[in-house]
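I opened my notebook today to look through a structure piece by piece. Here is what I had on screen.

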Amino acid sequence: MKSTLLTASILFFSHFLFGHQGSISGVVKDADNKEALAGAVVGIESLNLWTTTNAIGIFDFEEVEAGEYDLTVSFIGYETKLLQNVRVKDNETVTLQIFVNPSQIDLPSVRITANPQLRHQTISSLDIQTRPINNSQDILRSVPGLIIAQHAGGGKAEQIFLRGFDIDHGTDVRITADGIPVNMASHAHGQGYADLHFLIPEMIEKVDFRKGPYYADQGDFATAGNVEFSTKNKLDKNMVKAEAGQFNTYRMVGALNILGEKQANNGQNAFIAGEFNLTDGFFESPQDFNRINLLAKYNFIPGPNQSVSVSFSHFTSSWNASGQIPERAVESGLISRFGAIDDTEGGSTSRQNFNLIHYVNDGNSLFKNQIYFTKYDFELFSNFTFFLNDPINGDQIRQHEDRKMFGYNGSWTNDSKFLGKKWTTEAGVNIRFDQIDDLQLQRTKNRTEVLESLADGSVEETNLGLYLSEQVQLSPKLVADLSLRADVFRFIYQDDLTANYDPASETKTVFSPKLKLQYQVNPKIALYANGGYGFHSNDARVVVRQTDRKTLPKALGYDVGAIFKPIPKLLIDIAFWQLDLEQEFIYVGDEAVVEAGGATRRLGVDASLRYQILKGLYADIDVNIAHPRALDVATEESFIPLAPTLTSTGGLSMELANGFGGSLRYRYVGDRPANEDNSLTAEGYFLLDALLQYKKERFALHAGVVNLLNRDWKEAQFETESRLAFESESVSEIHYTPGSPFFLKGGVTLFF
């Protein structure tokens with residue numbers, strides 16, 4: 001009897017407390033192409049409730065008091081939409097299908113809330129279209145504070161700099177494309193090597209970036225930050241683009257819808273796209289650079305609240321390079337700044353990707369399953385030291401690998417109420433397996449003759465990552481996110497230069513806790529604080545041979561900052577940060593290998609300003625200051641070579657209603673130490689780039705200029721000890737790759 005009374009009492013009070021509540025759920029779509037929009041901001045302003053749409057455009061508000069409410073929907077590059085008098089009834093769910101129209105970016109409509117998800121910063125396709133872009137690597141420059149440098153003929157992955165790091169080709173920034181890892185672990189040229197040239201710039205929909213090691217879904221290499229590229233799911237129109245520029249530069253791009261409008265209305269979209277790029281480059285020795293890209297993608301909706309994406313891409317590239325030249329050779333008149341000591345450098349690479357992603361939304365839960373496969377080949381010829389080691393044949397080396405990569409990404413995201421608070425739980429798993437054959441380092445001559453094999457073997461590397469994240473709305477103004485990630489690595493290396501089959505192996509585990517807090521002071525100001533661990537892995541060949549080296553060096557980071565809008569048209573984001581690493585990797589040019597260094601600390605400030613001058617006219621400035629130092633060494637020898645200390649980017653961007661658009665943008669990098677005692681300086685630079693375009697319904701015209709002022713500048717710089725053919729003694733000094741002179745390129749696009 002007591003039990004019956006207790007049950008009845010619980011049911012009665014539950015009805016009394018919650019019976020006058022309902023819910024709102026819906027999906028946000030592009031009004032033109034009916035594509036679901038992930039990351040749109042949806043809010044009930046009168047209740048100060050805000051959320052973002054998930055990966056398939058769905059949002060929901062649970063336990064909303066019965067009544068009428070106005071809903072606001074906003075998304076960068078779309079008109080803000082107001083849905084008035086949405087009626088919520090007791091114990092019922094209001095289901096909405098919301099279509100928003102593409103529009104110019106409107107900063108006054110950008111909202112500041114306590115939702116940490118709203119800090120994920122996105123570079124939209126509009127941003128990409130209003131900047132001079134030669135390849136997908138160039139889009140990385142749009143990430144505030146991120147600088148890139150090419151030093152091997154245009155086909156090699158660019159050198160990356162971010163938050164006081166010389167990241168080499170990707171050691172401390174994680175890069176993905178549609179969820180597929182771009183960074184190559186245990187790569188022939190360098191750990192974390194990230195080559196984005198397999199993406200067609202016109203097919204990129206957006207680029208999300210986050211700084212610091214604070215995100216549980218990001219594992220290996222995500223210390224300074226991570227960058228996520230997403231390709232289009234649907235073409236708005238078929239297109240053909242033709243471009244031509246100085247230095248015998250030619251480029252063709254085409255994209256074609258395969259299915260008709262009827263299938264598109266039924267939720268099916270398929271397209272193919274291709275790119276061909278050819279240039280001799282601005283060096284005296286022609287680069288003979290060529291690149292071919294192909295992409296095929298199919299998206300469909302197999303059932304309610306589901307989506308499937310299947311894609312295949314193919315990329316191949318080959319080139320010659322003039323390499324890094326010594327300052328003394330240019331100053332003496334031996335060569336010009338666009339000349340070469342060894343113009344037989346260069347390489348070739350190819351990559352094929354298969355990707356399958358399935359989303360299903362089940363009530364308050366979103367499930368993601370992704371499988372991918374990558375086939376990758378790489379061959380690079382370099383000569384950093386000329387005749388230092390071999391006065392007869394020279395010091396040319398060949399690096400080569402043949403890789404297969406298999407992977408799975410799965411996640412479950414759930415919204416719930418507990419103790420009167422809203423909780424968002426995300427649990428996920430990442431599995432990656434790399435099979436690397438013919439992992440070689442050889443001494444060669446003229447790219448044809450092998451003089452000596454320095455390393456030859458195969459690697460099997462497996463990474464299992466598990467993570468759990470709990471985000472709780474502690475109050476309407478305060479949100480906390482606590483997460484934990486665990487990664488297990490298995491390294492196996494077989495040295496083929498030994499007589500016996502005797503693979504060496506090593507297994508290591510690392511745990512990475514993280515915490516994020518965001519507090520909304522008022523509708524104009526939000527404060528945030530982040531802290532957490534990340535890591536980068538070491539090369540498998542180092543792990544199994546040199547057990548005294550760190551296998552998974554940890555990074556510990558902190559960010560404290562604010563986002564605020566002092567006036568409706570001005571948005572400012574400023575962060576003070578610190579990042580400590582257990583161990584750095586140091587590039588050794590004369591051996592073309594990476595060696596482990598010691599612990600380091602970086603302190604810095606990142607400041608971003610976005611201002612809407614007029615409708616369709618925007619200004620932006622990013623300033624990034626860093627103080628990088630090596631620890632546990634003498635102060636006078638604690639400088640970190642090539643680590644940037646002051647960088648800034650910004651400019652004006654325009655998109656007018658009459659079809660005209662474009663940008664005028666600057667890049668600034670300050671002088672920085674080139675070696676540990678700061679006795680050599682890597683010179684900074686200031687550059688202007690410009691783009692002008694005119695777009696109508698059926699066609700578009702554009703012309704872009706890189707280095708508008710035609711400055712002489714050094715794009716990549718290293719302290720290297722080298723010897724020229726006629727020299728009796730070696731010299732240690734700055735070796736560099738010259739940056740592009742004034743480079744004009746124009747083109748026409750036809751839409752049909």
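My entries follow, grouped by topic.

**Entry: ground rules**

I am reading a predicted model, where local features need pLDDT of at least 70, side-chain atom pairs count only at pLDDT 80 or more, and totals for chains, interfaces and linings use all residues. Residues are numbered from 1 along each chain as its sequence is written, and side-chain values use heavy atoms, with hydrogens and water left out.

**Entry: a three-stranded sheet**

I looked up a sheet with the order E9-E10-E11, and found that it is open and its pairing antiparallel. For my labels, strands (E, at least two residues) and helices (H or I, at least four) are DSSP runs numbered from the N terminus. Two strands pair if DSSP finds at least two bridges between them.

Which strands stand at the edges? They are E9 (147-149) and E11 (165-166); each has a single partner strand, so one side of each is left without a neighbour in the sheet. I then checked E10 (residues 159-162), which pairs with E11 in the antiparallel sense over two bridges. Leu-162 has Phe-165 in E11 as its bridge partner.

Just along the chain I looked at Asp-168, in the loop between E11 and strand E12 (173-177). Asp-168 has a positive phi of about 55° although it is not a glycine. I noted the background: most residues other than glycine have a negative phi. Asp-168 counts as buried, at 11% relative accessibility. My cut-offs are under 20% relative accessible area for buried, over 50% for exposed, and partly exposed in between (1.4 Å probe, protein chains only).

**Entry: strand E18 and its two partners**

I followed strand E18 (residues 239-245) to strand E19 (residues 249-257), and the two pair in the antiparallel sense over seven bridges. Ala-242 stands opposite Met-252 in E19. The hairpin of E18 and E19 has three residues between the strands, and there Phe-247 takes a positive phi near 60°.

E18 is also joined to strand E46 (residues 743-751) by seven bridges, and these two run antiparallel. In E46, Gly-747 is the bridge partner of Glu-243.

**Entry: salt bridges**

How many salt bridges does a search of the whole structure find? I wrote down 41. To count, a side-chain nitrogen of Lys or Arg must be within 4 Å of a carboxyl oxygen of Asp or Glu. The general idea is that side chains of opposite charge can pair when their charged atoms come close.

I picked three to inspect.

- Glu-379 and Arg-398 meet through their side chains at 2.6 Å, N to O. Glu-379 lies in strand E25 (residues 365-382) and Arg-398 in strand E26 (residues 397-418), so the pair ties together parts that are 19 residues apart in sequence. Glu-379 is partly exposed at 21%, while Arg-398 is buried at 13%.
- Arg-443 forms a salt bridge with Glu-452, with the closest N and O atoms 3.4 Å apart. Arg-443 is buried at 18%, and Glu-452 is partly exposed at 38%.
- Lys-550 and Glu-582 meet at 3.7 Å, N to O. Lys-550 sits in the loop between helix H6 (540-545) and strand E32 (554-567), and Glu-582 in the loop between strand E33 (570-581) and strand E34 (585-588), so the pair ties together parts that are 32 residues apart in sequence. Lys-550 is partly exposed at 37%, and so is Glu-582, at 36%.

I also found one network, in which salt bridges that share partners join Glu-202, Lys-241, Glu-243, Arg-251, Glu-275, Arg-291 and Lys-745. Glu-243 was a familiar name from my entry on E46.

**Entry: Leu-419 and Met-184**

Is Leu-419 buried or exposed? Leu-419 counts as exposed, at 70% relative accessibility. I placed Leu-419 in the loop between E26 and strand E27 (421-445). Its phi is positive, about 55°, although Leu-419 is not a glycine.

Met-184, found in strand E14 (residues 183-184), is buried with a relative accessible area of 1%. I also looked up its distance to Leu-571: the C-alpha atoms are separated by 36 Å, and the two residues are 387 apart along the chain.
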